Amino acid sequence: MSLYERVRQAGNAQQSSAPDEDDLLNRLRSQLQEEVSVDKLARLFRENPDHARNEVESACRGIFEGPSWDYIADDTRGRLVAKLLDSIFGFGELEDLLCDEAITEVMVNGPGTVLYERDGKI
């Protein structure tokens with residue numbers, strides 16, 4: 001449990017709610033863009049995709065050292081980095097579906113509707 005979560009549980013936290021993961025992901029993405037240029041990542045990815053992923057992970061570790069990230073739990077940080085990597089190098093929200101071997105078809109029917117077939121059932 002993070003320090004922020006313990007303070008909230010004790011009833012000593014300010015009334016403002018903690019940002020949700022989407023807000024945190026957007027903040028992380030913005031800070032990453034200040035650290036590593038898109039052109040550099042594209043070049044690294046062409047040359048060595050693993051090195052590009054390592055570069056992003058390393059930059060995220062540096063960003064998490066900042067005081068504004070102190071209250072974010074390690075497991076949340078891990079999820080944020082995984083989502084960020086999927087959005088940069090993969091297929092974003094679709095990545096989990098595409099990696100699931102039980103899913104035989106993914107149908108994107110607009111920005112808000114995704115259907116998939118698993119074990120013969122949609």
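Leaving out neighbours within four places in sequence, E21 is in contact with T76, R79, L80 and K83. E21 sits in helix α2, and with L80 it makes a pair 59 residues apart in sequence but 7.3 Å apart in space, C-alpha to C-alpha. Keep in mind that this is a predicted model. The chain has 6 helices and 2 strands, and the points below start from E21 and work outwards.

**Where α2 meets α5**
- The helices α2 and α5 pack at an angle of about 65 degrees, and their axes are 10 Å apart.
- As for handedness, α2 passes α5 in a right-handed crossing.
- On the α2 side, the contact is made by E21, L24, L25, L28, R29 and L32.
- On the α5 side, the contributors are T76, R79, L80, V81, K83, L84, S87 and I88.
- Sorted by class, this α2 and α5 contact has 8 nonpolar, 2 polar and 4 charged residues.

**A closer look at T76**
- T76 belongs to helix α5.
- Is T76 buried or exposed? Its relative accessibility is 12%, and buried means under 20%, so T76 counts as buried.
- Setting aside residues up to four places away in sequence, T76 touches E21 and L24. Both of those partners are on the α2 side of the contact with α5.

**The largest pocket**
- Which residues line the largest pocket? They are R29, L32, Q33, V36, V38, L41, A42, F45, L84, S87, I88 and F89.
- The elements giving two or more residues to that lining are α2 (21–35), α3 (38–47) and α5 (74–89).
- The space in the largest pocket comes to about 160 Å³.
- If you're thinking about the chemistry of the walls, the lining has 9 nonpolar, 2 polar and 1 charged residues.
- There is some overlap with the helix packing: R29 and L32 of α2, along with L84, S87 and I88 of α5, take part in the contact of those two helices and also appear in the pocket lining.

**Where α3 meets α4**
- The axes of α3 and helix α4 (residues 49–64) cross at roughly 145 degrees and come within 5 Å.
- From α3, the contact draws on K40, L41, L44, F45 and E47. From α4, P49, H51, A52, E55 and V56 take part.
- By class, the contact of α3 with α4 has 6 nonpolar, 1 polar and 3 charged residues.
- L41 and F45 turn up in this contact, and the largest pocket has L41 and F45 in its lining as well.

**A backbone point to check: D119**
- D119 isn't a glycine, yet it has a positive phi of about 55 degrees. For background, most residues other than glycine have a negative phi.
- Where does D119 lie? It is in the segment after β2 (114–118).
- With a relative accessible area of 62%, D119 is exposed.

**The chain as a whole**
- Reading from the N terminus, the order of elements is α-α-α-α-α-α-β-β.
- Of the 122 residues of the chain, 23% count as buried, and T76 is one of the buried residues.
- What share of the contacts between residues at least 6 apart in sequence joins residues at least 24 apart? That share is 47%.

Note on methods:
Residues are numbered from 1 along each chain as its sequence is written. This is a predicted model: local features need pLDDT of at least 70, side-chain atom pairs count only at pLDDT 80 or more; totals for chains, interfaces and linings use all residues. Side-chain values use heavy atoms; hydrogens and water are left out. On a 1 Å grid over the protein atoms alone, a cavity is a set of points where a 1.4 Å probe fits but cannot get out, and a pocket is an open set with protein on both sides within 12 Å along at least five of seven lines; lining residues have an atom within 4 Å of a point. Grid points are joined across faces, edges and corners, and a volume is the space filled by probe spheres set on the points. Helices (H or I, at least four residues) and strands (E, at least two) are DSSP runs, numbered from the N terminus. Ala, Val, Leu, Ile, Met, Phe, Trp, Tyr, Cys and Pro count as nonpolar, Asp, Glu, Lys and Arg as charged, and the others, Gly among them, as polar. Buried means under 20% relative accessible area, exposed over 50%, partly exposed in between (1.4 Å probe, protein chains only). Contact means heavy atoms within 4.5 Å. Axes are lines fitted to C-alpha atoms, for helices over the stretch in contact, and angles run from 0 to 180 degrees between N-to-C directions. A crossing is left-handed if the near helix is turned anticlockwise from the far one by less than a right angle, and right-handed if clockwise.
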